[in-house]
Amino acid sequence: MAEVLRNNLLSMDRAALEAYFERLGEKPFRARQVMKWVYHQGETDFSAMTDLSKALREKLAATAEVRPPRVIADQLSRDGTRKWLMRVDAGNSVETVFIPEEGRGTLCISSQVGCALDCQFCATAEQGFNRNLDVAEILGQIWHADRLLGRDENGNRRLTNIVLMGMGEPLANFRNVLPALRVMLDDLGFGFSKRRVTLSTSGVVSNLYRLADEIDVALAVSLHAPVDEIRDEIVPINRKWPLAELMDACRYYIERHPGRHITWEYVMLDGVNDSEAEARQVAKLLAGIPSKINLIPFNPYPGARYRRSSDARIERFRKVLQDKDFLVITRKTRGDDIDAACGQLAGEVQDRSRRQERRAAARAEAVS
Ligand code: SAH
């Protein structure tokens, strides 16, 4: 049977969906009815959307679809963290992680198949890069998780927070991430509060300005080092946009969203970025910016070149910052028994950047 090319409604934010319905000769409020079915009820079958006319249901069935990626694996950690592998095309899959905590449930979603940035301590970087996820593939992760997790005893969603901290660099896929963020915040979409949707970036500065101008969500920045000398090495995008430029963009974000703070992520790598002197440099760098600092003990993965800082060293680093009145939290490692912790996500990536190949060659070289 010939495959019909259908419009995937999961790929449209409200404005795009209304425009699509207008092209079908329908009123915009029909688009809003359909959004409620899709995002509030988790419905994909148009024939079940009983408040639409039969004619419209048939028209939709012929031309449109609600198609999230396919869930191909579902793993549960000892600590309750849950990880799904979602197939996005024949050779590629991404991972999505649910982290339950007292009073909240956070879903960590992916924005790209692999990652083109080359952060030296990250398993996703090892995988290389294939492509951007489209809007439906980003939203489809939330759509699945919401359905699979079900509701709590009070009928509430188990998902309360979304973090774009999975595979990929969200600001390198701004074109698709922006409409997806809109649906996350839209009351007719998932309806998350803007304080509970966090985008994490390693510092794609050009698009950080666009983000600040276009939408209000929480921002996390992967700082990882207080000086260019170290950051150039471990977060290579720093060579393109050095710290001074990143900090200017962050100040701009705060200017555009008064009352907000920035969450700074800082991976603790033994002997690389974790001295007390470096903690003092971090304090100096962040002075005057409303900040929370999240120390992330390094999570190992096969082939990793770094070691996690000792608990004592992390604690000393934390203390220096805390004494300078920063709010500092050491992120608890979650889901590491199923490789679901920060920096451990790998999925299945048909590497088009040939990074896997080059890395393997470099390793072979080093031992020969
Ligand atoms: N590309 C985005 C999203 C990744 S978020 C970004 O860079 O911000 C995941 C966070 O975990 C980032 O701060 C990332 O730098 C950090 N991370 C990556 N690898 C890690 C590892 N092995 N251990 C701990 N944290 C890691």
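A salt bridge is taken here as a side-chain nitrogen of Lys or Arg within 4 Å of a carboxyl oxygen of Asp or Glu. In the predicted model, this criterion yields 30 salt bridges. One of them joins Arg 355 to Asp 118, with 3.5 Å between the closest N and O atoms. Arg 355 belongs to helix H12 (residues 355-367), whereas Asp 118 is placed in the loop between strand E7 (112-114) and helix H4 (123-127); the pair therefore ties together parts that are 237 residues apart in sequence. The two partners were also assessed for solvent accessibility. Arg 355 has a relative accessibility of 8% and is classed as buried because this value is under 20%. Asp 118, with a relative accessible area of 22%, is partly exposed.

A further salt bridge is formed by Asp 274 and Arg 313, whose closest N and O atoms lie 2.7 Å apart. Here the acidic residue is located in the loop between strand E12 (262-268) and helix H10 (276-286), and Arg 313 is part of helix H11 (residues 311-323), so that the contact links parts 39 residues apart in sequence. Asp 274 is buried, its relative accessible area being 2%, while Arg 313 reaches 26% relative accessibility and counts as partly exposed. Both residues also take part in a network of salt bridges that includes Asp 270 and Arg 307.

Helix H11 is likewise connected to helix H10 through the side chains of Arg 316 and Glu 276, which meet in a salt bridge with an N to O distance of 3.5 Å. Because Glu 276 lies in H10 and Arg 316 in H11, this pair ties together parts that are 40 residues apart in sequence. Glu 276 is partly exposed, at 35% relative accessibility, and Arg 316 is also partly exposed, at 42%.

Strand pairing was examined for E3 and E4. Strand E3 (residues 70-76) runs antiparallel to strand E4 (residues 82-89), the two being paired over six bridges. Within this pairing, Val 71 is positioned opposite Met 86 of E4. The two strands form a hairpin in which five residues separate E3 from E4. In the turn, Gly 80 adopts a positive phi of about 95°.

Terms used:
Residues numbered from 1 in each chain as written. Predicted model: local features only at pLDDT ≥ 70, side-chain atom pairs only at ≥ 80, totals over all residues. Heavy atoms only, no water. Helix = DSSP H or I, 4+ residues; strand = E, 2+ residues; numbered from the N terminus. Buried < 20%, exposed > 50% of the residue type's maximum accessible area, 1.4 Å probe, protein only. Pairing = 2+ DSSP bridges.
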